[in-house]
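Me: I'd like to go through this one by question and answer, starting with how the chains meet. Shall we dig in?

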Amino acid sequence: MTNSIAELEKDAKAIFLIGTNTTENHPVIGYKIRKNVRENGAKLIVADPRKIELAEIADVYMRFKPGTDVALINGMINVIISEGLLDQEFVDQRTEGYEDVAASIAKYTPEYVSTITGVPAEDIKKAARIYAEAEAAAVCYAMGVTQHSTGTDNVKSICNLALVTGNLGKPGSGVNPLRGQNNVQGACDMGALPVVLTAYQKVVDEPVRQKFETAWKVDKLPDKNGLTLTDAINKAYDGELKGLLVIGENPMLSDPDLHHVEEALNKLEFLMVQDIFLTETAEKADVVFPGVTFAEKDGTFSNTERRVQRVRQAISSLGNAKQDWEIICELSNRLGYPMKYSSPGEIFEEIRTVTPSYAGISYDRIEATGLHWPCPTEEHPGTPILHKEKFNRGLGLFHVVEYIGPAEHPDNEYPFILTTGRQLYHYHTGTMTRRSSALEEHKPYNEVEIHPNTASRMGIVEGEFVKLSTRRGSIELRAKLTDILEENVVFTTFHYKEAAANLLTLSEPLDPVAKIPPYKVCAANLEKI
Amino acid sequence: MINVTINGKEIQVPRGTMLLEACRQAGADIPTFCHDPHLQLAGSCRMCVVEAKGRWNLLASCVMPAENGMEIETESPSVVEARKIILELLLARHDLSCHTCERDGDCRLQDYCYRYGVKESRFAGEIIHFSKEDPNPFIERDYDKCIMCTKCVRVCKEITGAEAINVKDRGHHAAISTAFDGNLADSTCVFCGQCIMVCPVGALTSKVSMGKGKPYQVEKVLTTCTYCGTGCTLELNVKDDTVVGVSSNRDERYSPVNQGALCVKGRFGWDFIHAEDRLTTPLIRKNGELQPASWDEALDFAAAKLKQIKEASGPDALAMFASARITNEENYLAQKFMRAVIGTNNVDHCARL
Ligand code: SF4
Ligand code: SF4
Ligand code: SF4
């Protein structure tokens, strides 16, 4: 997030939610948004293919066809420009590339966009006006925006929207991705990415590598970009990747097109898994190391607002399980590169020395509340709001983004649009929540949401098992009738291994830049059993 | 600023300050049931009454602004008598089964009865039962212990925004209920457990923690939630090296993101920690089956395999998926391992999934 969570409760005068079912996926942020709307009269715009809970209190709700995000946002920008609602001073002084975007946006009139997205032109205008006229407006988005073959484009168009209205760098504004997992921000910050080391320092930059070569006392670090997760699966499938180490992930449920993943993993010479349970992935491993839960470890997580916070060990490691960091050290020692740390605190001290944005953070300083990076020095108070005076690159850059549309379209054989996501009571592949007695008792099975009209046309009743299939595979699960989605759209979650949504999803085409698979849209068929 | 005298001590407070706040600033310990600094005022329990010189009636200090020159007594005989009567009235409809109560030792009703020496009620008469069998797996609703402070109703509305519960009926028959007096699962309840957090007595408790430890037996460890990216602060409740519950700290200094508010996963999704099928020993595949192995055996085996692949096919034939769930420290070491030890940038995690 460019801005902090607290601003959504107090400072934002308008909030635009797109592709985030906030009350289910980030509930505490959802509470704050609702409070701001109800108590302070903040305006709320919700754009989502499903009429999610917060849509009930929205000033404008736009139900758009899955995968048409870029068109919708371009339409809003079109209104802002044509009605003169842009922040000219901000555009002049702090951005570049505006003219090209303005030219490209001319054709996205609300009327034209309406034909693509299914959203009435009037609503697009109203949403654009609310967002642009607010003193401070924040956009929040989640996987509903990024998990498309055009995910990067979707995000760029959101940035254009914020730039054109000057909604960056001030309290209550910003472009705010709500990250799905507790430490996804931290994993990125720490360089668990194929193209960057810590703090997004590029592996292809020679001076960066030299710095790390000195710090880590190695002769030469690899200088070409590595494989992304999805590329790695494909390389394994092709037999080029021989060995895979998996720590606390479950690609056998979380990745798209599971049959493909399974075949890829089967071809590996060596699969090592480190986890707290024998996950679907661990079952396929050659060696499995028992790690520990968050209750058994010390360290830090970085949340979606870039706040680095402490995790504290509450109980001893269960049975013979070891700390994940100890396992890595043990392996490293055996491979001739000694790693000797006495505690996570000592590792953190090393992180500070090579990670400029974390340099000023210490366990002492975050004993109570945590700090927002960038925090370059011990005296620095942390940075809840990014881009205050200038952008990292100086001027904020506009990007021309054209609407392309989803990769797979419904046809006669697969007439529905399937979109996937999460629900309140479970998390990700369910490894933890489905073993949490109360959560599992409350929501023990997967459901597919179907519009009542569709259901009655097909003779499907609430709670009965139906077959949901795509070109990749099929699952059987219970029907849940709801009119929060359109008649030709169905929705399900990926938490349940016995009805795994990712048997259905597409692994391709990946978003060309971020390599994100298009989970949110595929063509599907529904059958009564 | 105005001047007020509390128990003989003169202090200055800004105009508009409530008496309760002023008394507390002066060091007086004012008992309250319904007052909560983060919620709208109810002014209903009247435990916070104080005596002002020259006034014939006692003042509910939480809803009465301090006035210049006021002279306040916080434990005068009439104040104490009033509080005793309130406590006796509450006891008249309270199921005093403290010995089996989850909140025994952390209960305001117990504390105040102890403080004012209230053993039993003069008003005990016809017993009305309010308790509610609610077949949800999260929250036990034992309204025979409810003291009608309405904090649960307010927190549900004002913090969570669910508006699942409200007060039904009046007077002696007043009770907390969902619309149509039904089960929580059929209401707009999202099982955030904020109501448990604010309940001053044992009327609302966690079913997941039930029987696992009384408040004074558990140690609370402040940490960060393991689920979504919001990063809520919570407290793991530990007894005998076992996690037996989750509570939360409402102090902004310790809970900067959520001020104690949680969602159902954070508050009730913790018993996986001790699930029976936790992996507790390394496993190696032998003859097609995963079999228990010692740490040395498993680590040696893995190291040899990695070495062999690296030598035969080069470092880029290896890749790692680190994790959005493990700590920063662990992710740092994981990528350092792939880059410095194996010699490849093939490291990623499921940020995109
Ligand atoms: S659990 Fe949360 S939503 Fe349900 S009644 Fe309590 S406060 Fe309200
Ligand atoms: S259930 Fe608890 S919080 Fe709610 S009114 Fe009764 S005593 Fe107060
Ligand atoms: S308590 Fe709920 S909202 Fe808060 S971090 Fe945990 S999962 Fe997210």
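Reply: Sure, and one definition comes in handy right away: a salt bridge is a side-chain nitrogen of Lys or Arg within 4 Å of a carboxyl oxygen of Asp or Glu. Also keep in mind that this is a predicted model.

Me: With that cut-off, which residue of chain B forms a salt bridge with A:E296?
Reply: The cut-off asks for a nitrogen and a carboxyl oxygen within 4 Å. For A:E296 the closest N and O atoms are 2.9 Å apart, and the partner is B:R278.

Me: How many salt bridges does the rule find across the interface of chain A and chain B?
Reply: The structure holds 48 salt bridges over all chains. Across the interface of chain A and chain B, the rule finds eight.

Me: And how many residue pairs are in polar contact across that interface of chain A and chain B?
Reply: Here both residues of a pair need pLDDT 80 or more. On that basis, the count for chain A and chain B comes to 63. As for the make-up by class, the side of chain A that touches chain B has 33 charged, 37 polar and 79 nonpolar residues. So, for the pairs in polar contact, the number to keep is 63.

Me: What area do chain A and chain B bury between them?
Reply: In terms of contacts, 149 residues of chain A meet 116 residues of chain B. Of the area buried, 63% is on carbon and sulfur atoms. A:Y31, A:F294 and A:R334 lose the most area on the chain A side, together 6% of what that side buries. The area for chain A and chain B is about 11,300 Å².

Me: Strand 9 of chain A is joined to a strand of chain B; which residue stands opposite A:V288?
Reply: Two bridges join strand 9 (residues 287-290) of chain A to strand 13 (residues 283-286) of chain B. The two strands run antiparallel. In strand 13 of chain B, the residue opposite A:V288 is B:L283.

Me: Back to A:R334: which residues join it in one network of salt bridges?
Reply: A:R334 forms a salt bridge with B:D296, with the closest N and O atoms 2.6 Å apart. That pair crosses between chains, from helix 16 (residues 324-334) of chain A to helix 7 (residues 295-313) of chain B. Both ends are partly exposed, A:R334 at 24% relative accessible area and B:D296 at 48%. Through shared partners, the network joins A:R334 with A:K322, A:E330, B:D296 and B:D300.

Me: Now within chain A, how many residues apart in sequence are the parts that A:R129 and A:E83 tie together?
Reply: A:R129 and A:E83 form a salt bridge, the closest N and O atoms being 2.8 Å apart. A:R129 lies in helix 8 (residues 121-133) of chain A, while A:E83 is in the loop between helix 4 (69-82) and helix 5 (88-94), so the pair ties together parts of the chain that are separated in sequence. A:R129 is partly exposed at 28%, and A:E83 is partly exposed at 34%. The separation in sequence is 46 residues.

Me: How many residues of helix 17 of chain A are buried?
Reply: Helix 17 (residues 344-354) has eleven residues and is mostly covered. Among the buried ones are A:I347, A:F348 and A:I351. The buried residues pack against helix 12, strand 10, strand 11 and helix 16 of chain A, together with helix 8 (328-342) of chain B. The number buried in helix 17 is eight.

Me: Is B:D36 buried or exposed, and which side chain does its own side chain make a polar contact with?
Reply: B:D36 sits in the loop between helix 1 (19-25) and strand 3 (49-52) of chain B. Its relative accessible area is 5%, and buried means under 20%, so B:D36 is buried. The side chain of B:D36 also reaches the backbone nitrogen of B:H38 at 2.8 Å. The side-chain partner, at 2.6 Å, is B:R250.

Me: Last one: what distance separates the C-alpha atoms of B:T150 and B:C199?
Reply: B:T150 is in the loop between strand 6 (139-141) and helix 4 (151-160) of chain B, and it counts as buried at 16% relative accessibility. Leaving aside neighbours within four places in sequence, B:T150 is in contact with B:A42 and B:V167. B:T150 and B:C199 are 49 residues apart along the chain, and their C-alpha atoms are separated by 8.6 Å.

Note on methods. Residues are numbered from 1 along each chain as its sequence is written. Chains are lettered from A and ligands numbered from 1 in the order in which they are written. This is a predicted model: local features need pLDDT of at least 70, side-chain atom pairs count only at pLDDT 80 or more; totals for chains, interfaces and linings use all residues. Side-chain values use heavy atoms; hydrogens and water are left out. Contact means heavy atoms within 4.5 Å. Buried area is the accessible area (1.4 Å probe) that two parts lose on being put together, summed over both. A polar contact is a pair of N or O atoms within 3.5 Å; within protein, one must be able to donate a hydrogen and the other to accept it, and residues adjacent in sequence count only if both atoms are side-chain atoms. Ala, Val, Leu, Ile, Met, Phe, Trp, Tyr, Cys and Pro count as nonpolar, Asp, Glu, Lys and Arg as charged, and the others, Gly among them, as polar. Two strands pair if DSSP finds at least two bridges between them. Helices (H or I, at least four residues) and strands (E, at least two) are DSSP runs, numbered from the N terminus. Buried means under 20% relative accessible area, exposed over 50%, partly exposed in between (1.4 Å probe, protein chains only).
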